[in-house]
Amino acid sequence: MISNLGAVLLIVSFLTTCSTLFLFIKNNIIQKSSIYLQFFLFYKVSFYLILFSFLFLIVCFAISDFSIISVYENSHTDKHLFYKISAAWGNHEGSMLLFILVISLYGILFLLNSKNINDSLKACTIFFQSIIQLIFLSFLIFTSNPFSKIFPIPIQGLGLNPILQDPLLAIHPPFLYLGYVGFSLVFSLLLAALILKQYNSGWASIAKKWIMLPWSFLSFGIGLGSFWAYYELGWGGYWFWDPVENASLMPWIASTALIHSIVVMEKLKKLFAWTAILTILTFILSLFGTFLVRSGVLNSVHAFANDPERGVYILFIISIITLGSLIIYILKFPKELASNNSFVLFSRDFSILLNNYFLIFILTVVIVGTTYPILLSVFTGETISVGPQYYNTILAPFIFIFLILMAIGPLMKWNGNSLISMKQKMFLFFLVSLFLTILISLYLNRYNFIFLLGVLCSVYLIVSVFNEIIMSKKFFFTKQNFSRLFSHLGFGLLILAITLNHFFSKEINAKIHLGESFFKQGIEINFLKSESSKEKNFEELFGIYKITKDNKTFILEPSIRRYKQPQQFTSETSIQSDGLSDIYIAMDYAGDPSTGIGIRFYYNYFVRLIWISFAFITIGGIVSFVGRKNEKKI
Amino acid sequence: MKKKFRIFLLAFVILIFFIIFYYSLKASNKNNPNTMLNKSLPVIELTSFVNTNLKQVLPIINKDKYYLINIWSSWCVPCREEHQILMKLKDKIKIYGINYKDKKSNATSFLNELGNPFYFSGSDKDGSVAIEIGAYGIPETYIVNSQGLIVFKHVGPLDKKIYIRINEIIK
């Protein structure tokens with residue numbers, strides 16, 4: 001019953017979106033009158049229809065209505081209610097519905113927060129947003145309807161992939177979607193402004209928050225994903241340069257470049273064309289990420305839900321959206337804006353331009369690394385996978401220069417050479433950070449060149465941020481500065497943490513018998529006992545280990561779960577903190593515990609700082625979104 | 001004129017990308033469990049994990065009537081379960097192993113403990129060989145005939161029923 005209702009709502013929302021588009025065309029193009037009230041109302045109705053359809057899907061999952069294929073394929077009565085609900089978006093169909101809901105949600109948020117925008121621009125933006133919504137709605141209804149029926153009705157479901165049964169993973173995809181689907185709004189806003197010839201610095205001041213909001217969500221989502229991989233997959237690392245991870249990183253890099261270039265556009269009326277291209281690129285990369293994850297072109301550990309047939313549709317959608325938006329750009333971009341692009345050397349805008357070049361370089365490296373294996377397999381049939389080695393070697397030196405640039409850029413003045421005035425400061429920072437680096441390396445007793453360079457550059461950025469905080473005369477600086485300082489500090493800490501983690505982490509793989517203990521790399525591991533327990537939908541085998549490191553002891557209890565539906569093993573890690581560092585054990589899937597169990601032990605140095613720095617970066621973005629008051633009226 | 005040219009160029013570039021990714025989608029179809037059945041085994045080269053100089057190219061031509069390919073790993077529990085069936089099959093059919101994403105030391109101790117059913121076992125450290133032959137998950141077992149066609153494929157551990165079926169096929 002509910003499932004039928006959901007399906008009907010979905011079709012009605014499709015029709016409503018169609019009529020929204022029709023209304024806009026009729027009002028603006030045929031009658032040349034501008035009655036927007038009706039138009040906005042229709043859009044709001046389509047939002048509520050999608051929202052309720054999604055809620056109905058959740059209800060179907062919660063009550064285990066196995067007459068629906070996607071419930072049957074992804075749920076099971078034995079599952080905890082929380083995972084029954086999160087299974088609603090843990091599969092392709094449900095997550096596409098969530099995708100559409102987020103598109104629509106951003107349209108509504110835009111309508112609620114657009115008092116500074118004239119009605120025609122507002123309407124035109126919603127028009128483009130509805131087009132995107134319609135495209136994906138038709139994709140959903142015609143190729144992957146979440147309410148498709150199955151007959152005869154099965155009595156039991158197939159179950160959700162156990163590694164997806166994790167509280168973090170339940171909230172991680174919604175945040176990622178709020179991130180990269182959110183870029184659809186600024187994309188629509190751009191197309192609308194180009195068509196209505198309102199693409200100017202006022203537009204930049206409005207558009208900025210619609211970049212900051214999804215950017216913050218995306219940063220948070222990436223952080224969550226990384227954290228999930230760290231403790232659930234049991235590989236001991238936080239980032240694997242896996243194509244699926246890269247899929248979310250690509251729009252993040254593009255949008256970070258966009259955040260910076262749009263400031264130049266707003267303040268100095270430069271970089272108009274570049275900002276427009278970046279806006280389009282960010283959204284296209286978001287869609288491309290969806291394509292990579294959803295279509296099955298990737299051979300990746302977590303390309304969970306894939307189907308090549310659907311891939312063709314998504315590919316088609318991306319092509320159409322790319323083509324359409326770039327044609328609008330080519331035809332409508334005002335010529336007079338393209339000329340003013342002169343930059344003074346060593347000015348703040350110049351440093352932002354350099355920053356953009358760096359980001360585009362990093363983006364290119366990631367895109368090449370992600371797509372090269374796909375292209376290679378098309379042309380030669382060979383299959384390869386590109387690993388961390390490639391990214392680390394190519395990116396590390398550029399990241400170091402990038403850090404320095406992030407430190408000194410904000411010291412410069414807009415539009416004027418300020419090298420002489422900041423020479424002293426630059427030198428002072430250098431001395432302070434050199435001093436700190438020497439202290440750190442003496443304390444840790446490590447003198448590797450790359451290590452020193454990494455610490456030096458990240459400390460340099462951190463020092464410059466602290467300098468600005470201390471030197472600011474006002475008690476509380478402007479919110480915009482605050483947000484930049486936070487995000488930059490976060491990034492400095494992130495690179496510092498990654499460097500420390502890279503050079504000081506330890507990994508031990510061993511097979512160990514019950515009651516046995518061994519000593520390796522300054523760490524003693526003692527296998528005390530093993531216990532087993534039975535839960536509703538899995539059996540669990542615990543191993544209890546005593547770890548002794550630097551006269552501190554830790555008791556860790558990793559386990560292996562054997563799930564019944566679907567039959568699968570997962571390794572549950574056990575992690576304890578030692579300050580900012582982690583002691584981490586995962587067990588291998590072994591048969592009889594009496595013959596010895598393989599364990600992977602990791603000592604992850606300063607890994608907690610990585611999560612903290614993700615939080616800093618995100619907070620910076622949120623502050624900027626919340627605190628923007630100096631918007632212009634357009 | 002210039003604008004028209006740009007749009008044309010743009011459409012052309014997008015078309016090329018579309019075609020490339022379209023083919024990549026078709027190519028990745030082989031990841032579906034049954035698509036490789038009754039198709040010929042792609043050419044793969046296996047390197048022994050004991051001695052890196054020892055190599056074996058599959059498919060082999062016209063030697064035995066059938067041969068069996070098994071993807072296994074020491075960290076995979078179902079592989080342990082099915083191992084005794086592989087040991088039983090050892091004398092009836094030549095077994096080629098693909099050691100999936102494993103450590104040499106773990107793999108060797110696994111075979112020392114449970115016995116070695118493999119005529120030849122090659123290592124697949126990065127999992128690329130498994131992708132090549134369209135593996136879905138380990139353990140996985142293929143039977144290939146003298147023409148190099150995959151005549152039987154089983155995903156998951158072998159059990160008694162499958163053992164009987166394999167015996168029927170190779171008779």
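**Entry 1: Val71(A)**

I began with Val71(A), which counts as buried because 30 C-beta neighbours fall inside 10 Å, the cut-off for that class being 20 or more. The model I am reading is a predicted one. I located Val71(A) in helix α3 of chain A, residues 69-74. I then listed the contacts of Val71(A), leaving aside neighbours within four places in sequence: Cys60(A), Phe61(A), Ser64(A), Asp65(A), Phe66(A) and Gly157(A). For one of these, Phe61(A), I also looked up the C-alpha separation from Val71(A), which is 5.9 Å for two residues ten places apart along the chain.

**Entry 2: helices α1 and α2 of chain A**

I turned next to a helix pair, α1 (residues 2-30) and α2 (residues 37-62) of chain A. Their axes come within 8 Å and cross at roughly 160 degrees. An angle over 145 degrees counts as roughly antiparallel, and α1(A) and α2(A) are therefore roughly antiparallel to each other. I noted the hand of the crossing of α1(A) and α2(A) as left-handed. Sorting the residues of this contact by class, I recorded 18 nonpolar, eleven polar and no charged residues.

**Entry 3: helices α10 and α13 of chain A**

I examined a further pair, α10 (residues 243-268) and α13 (residues 348-379) of chain A, whose axes lie 9 Å apart at an angle of about 160 degrees. The angle makes α10(A) roughly antiparallel to α13(A). The crossing of α10(A) and α13(A) is left-handed. For the contact of α10(A) with α13(A), I entered 16 nonpolar, eight polar and one charged residues.

I then followed one residue, Ile253(A), to its contacts beyond four places in sequence: Leu359(A), Ile362(A), Leu363(A) and Val366(A).

**Entry 4: nonpolar cores**

Which residues touch the most other members of the largest nonpolar core? I found Phe99(A), Ile100(A) and Ile253(A), in a core of 176 residues. The element that gives the most to this core is helix α9 of chain A (residues 201-232), with 17 residues. I also recorded a second, separate core of 27 residues, among them Tyr67(B), Ile69(B), Leu86(B) and Ile95(B).

**Entry 5: positive phi in chain A**

I searched for unusual backbone angles, given that most residues other than glycine have a negative phi. Leu271(A) has a phi near 60 degrees, a positive value in a residue other than glycine. I placed Leu271(A) in the loop between α10 and α11 (272-295) of chain A. Is Leu271(A) buried or exposed? Leu271(A) counts as buried, with 26 C-beta neighbours inside 10 Å.

Phe606(A) has a positive phi of about 55 degrees, although it is not a glycine. I found Phe606(A) in the loop between β10 (597-604) and α18 (607-626) of chain A. Phe606(A) is buried, with 22 other C-beta atoms within 10 Å.

**Entry 6: Lys536(A)**

I looked up Lys536(A) in the loop between β3 (523-534) and β4 (538-549) of chain A. Lys536(A) is exposed because it has 10 other C-beta atoms within 10 Å, and the exposed class takes 12 or fewer. I also recorded a separation in space of 9.5 Å, C-alpha to C-alpha, between Lys536(A) and Tyr563(A), which are 27 residues apart in sequence.

**Entry 7: chain B and Ser121(B)**

I then tabulated chain B, which has five helices and seven strands. From the N terminus on, I read its elements as α-β-β-β-α-β-α-β-α-β-β-α. Chain B has 171 residues, of which 35% count as buried. Among its contacts between residues at least 6 apart in sequence, I noted that 73% join residues at least 24 apart.

Within chain B, I selected Ser121(B), which is in strand β5 (residues 120-124). Ser121(B) is buried, with 22 other C-beta atoms within 10 Å. Which residues does Ser121(B) contact, leaving aside its neighbours within four places in sequence? I listed Ser48(B), Phe49(B), Gly97(B) and Asn99(B). I closed with the pair Ser121(B) and Ile95(B), 26 residues apart in sequence and 8.3 Å apart in space, C-alpha to C-alpha. Ile95(B) is also one of the members of the second core entered above.

How values were computed: Residues numbered from 1 in each chain as written. Chains lettered and ligands numbered in written order. Predicted model: local features only at pLDDT ≥ 70, side-chain atom pairs only at ≥ 80, totals over all residues. Core = buried A, V, L, I, M, F, W, Y, C linked by C-beta atoms within 7 Å. Helix = DSSP H or I, 4+ residues; strand = E, 2+ residues; numbered from the N terminus. Contact = placed C-beta atoms within 7 Å. Axes fitted to C-alpha atoms, helices over the stretch in contact; angles between N-to-C directions. Parallel < 35°, antiparallel > 145°, perpendicular 65-115°, else oblique. Left-handed = near helix turned anticlockwise from the far one by under 90°. Nonpolar A, V, L, I, M, F, W, Y, C, P; charged D, E, K, R; others polar.
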